Amino acid sequence: MNLGAWLKRLPPPGMLAVMYLTFIALGAAGLKLPASLNEPITWSDAIFTSTSAVTVTGLIVVDTSTVFTHVGQGIIMVLMQMGGLGLMTFAVLLLSALGVQIGIPQQIVLREDLNQTSMKNLTALVAIILRLAVVFEGAAFVLLSLVFVPDHGTEGLWHAAFHSVSAWNNAGFSTFSSSLSDYATNPVVTFSVTTLFIVSGLGFVVLAELWQKRAWKPLSLHAKLMLSGTPILIAAAFVLFAALEWRNPGTLGAIEGIWGKAQAAYFQAVTPRTAGFNTIDTAAMRESTALMTIGLMIIGGGSTSTAGGIKVTTAIVLVMATLAFFKRRRELSAFGRAMGAEEVQKVMALTTVTILILFSGLFVLTITNESDFIILAFEVASAFGTVGLSMGATDTLDWLGRSVIIATMFLGRVGPLVLGFFLATQVLPRVRYPKGQVYLG
């Protein structure tokens with residue numbers, strides 16, 4: 001069987017996985033070019049960096065600002081954009097520009113890439129995704145240029161463009177060695193960058209609904225859950241982070257003034273939602289704060305967004321199902337809409353797979369690495385949630401540790417798409433069995 005025939009036989013999730021792997025390989029090859037480098041790197045470094053960019057994670061094993069030239073950084077920027085908005089989104093854009101009709105096979109793969117259950121209005125959604133990216137990245141570029149150009153001259157334009165793309169795609173890569181720590185108390189940088197990854201983290205379906213309906217009442221249940229759950233998570237994380245780190249001399253305690261501390265606390269409360277930038281020393285956080293951050297990284301952002309994690313709606317449904325159990329309710333409901341057992345099954349399947357991936361990755365890392373348990377747990381959660389925050393373990397990993405993190409980043413980005421395909425594919429049972437009793441708890 002030749003390669004073309006084999007690819008045609010792949011299910012849509014398999015095709016997506018091949019596409020992501022192909023771009024990771026191409027990205028690694030591009031990053032190894034002499035024009036991309038100021039100093040030599042290994043193939044392991046290149047593959048890790050390319051995987052981190054395509055999966056919009058942001059974990060690094062070499063300093064992006066010093067190791068890579070503008071060509072190398074440009075390659076990373078392209079990989080972030082394509083990985084964040086979806087590889088099939090760009091494929092549809094290219095085919096449309098060439099006047100090629102988008103067939104059913106391409107629409108099916110696009111549906112999986114955008115995590116949709118229907119092929120209705122897919123091309124319209126792609127158009128909205130691209131418009132939003134242009135508008136928000138363009139606005140952020142202008143605002144960040146007002147800060148970076150006075151500090152870095154014309155080089156500031158490059159920094160502004162790179163950070164705009166990185167923030168919108170929840171990637172976390174930075175052209176500064178200390179990420180955004182030097183701008184922890186700059187409101188333009190703080191609120192421009194956070195606005196980008198909060199908005200893109202809501203999910204393109206939610207943004208498309210807001211674009212089209214522009215009112216609360218006609219929004220879908222999914223959109224209402226995202227728009228109500230997101231500010232609650234941000235507010236809770238902000239209060240907890242500020243309370244835990246306010247007097248920590250390694251983090252907020254090193255920043256002068258209440259307003260400056262509040263800005264840094266807000267930034268660090270939002271960035272675990274898979275953005276990956278930092279304005280304080282993440283490695284200096286208290287263990288309690290690190291544990292809270294791990295939870296936020298695992299939850300992530302919204303479905304069909306540039307963010308990773310199990311998604312906000314998944315976490316909400318888990319909580320609702322638990323409350324419904326204790327209240328002896330058989331049906332979940334919110335905003336006047338009901339959710340059946342099928343949604344709960346999907347949530348449980350996704351959560352179970354997530355636990356298995358996190359446990360397996362952490363188990364291997366604890367065998368081969370000497371770092372503290374909380375630091376390794378932080379690393380694995382960051383990789384799975386495609387966040388990019390680190391407490392310092394990334395550049396100390398051996399080849400096996402790197403392989404585990406690479407696999408976890410890939411599964412964190414592509415895994416939910418593959419799982420969603422199988423959850424959406426229903427098979428009617430041929431045989432029905434009598435019910436049995438299982439004692440739980």
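## The Cavity

In this report, a cavity is a set of grid points where a 1.4 Å probe fits but cannot get out. The model examined here is predicted. Rolling a probe the size of a water molecule over the atoms shows where empty space is left.

The count comes to one cavity of 30 Å³ or more. The largest cavity holds about 40 Å³ of space.

## The Cavity Lining

Seen along the sequence, the residues that line the largest cavity are Phe-197, Ile-198, Gly-201, Leu-202, Thr-230, Arg-273 and Gly-301. By class, three of these lining residues are nonpolar, three are polar and one is charged.

Which helix gives the most to this lining? Helix α10, which spans residues 187-201, gives the most, with three residues.

## The Largest Nonpolar Core

The largest nonpolar core has 50 residues. The members that touch the most other members are Phe-148, Trp-168, Leu-180, Val-189, Val-193 and Phe-197. Several elements each supply at least two residues of this core, including the helices α8 (122-152), α10 and α12 (221-245) and the strand β1 (332-334). The largest share, 10 residues, comes from α8.

Phe-197 thus appears in two settings: it lines the largest cavity, and it belongs to the largest nonpolar core.

## Contacts of Leu-180 and a Second Core

Leaving aside residues up to four places away in sequence, Leu-180 touches Phe-148, His-163, Val-189, Val-193, Phe-267, Phe-277, Asn-278 and Thr-279.

There is also a second, separate core of 43 residues. Among its members are Leu-252, Ala-265, Ala-381 and Val-404.

Note on methods: Residues are numbered from 1 along each chain as its sequence is written. This is a predicted model: local features need pLDDT of at least 70, side-chain atom pairs count only at pLDDT 80 or more; totals for chains, interfaces and linings use all residues. Side-chain values use heavy atoms; hydrogens and water are left out. On a 1 Å grid over the protein atoms alone, a cavity is a set of points where a 1.4 Å probe fits but cannot get out, and a pocket is an open set with protein on both sides within 12 Å along at least five of seven lines; lining residues have an atom within 4 Å of a point. Grid points are joined across faces, edges and corners, and a volume is the space filled by probe spheres set on the points. Helices (H or I, at least four residues) and strands (E, at least two) are DSSP runs, numbered from the N terminus. Ala, Val, Leu, Ile, Met, Phe, Trp, Tyr, Cys and Pro count as nonpolar, Asp, Glu, Lys and Arg as charged, and the others, Gly among them, as polar. A nonpolar core is a set of buried Ala, Val, Leu, Ile, Met, Phe, Trp, Tyr and Cys residues joined through side-chain atoms within 4.5 Å. Buried means under 20% relative accessible area, exposed over 50%, partly exposed in between (1.4 Å probe, protein chains only). Contact means heavy atoms within 4.5 Å.
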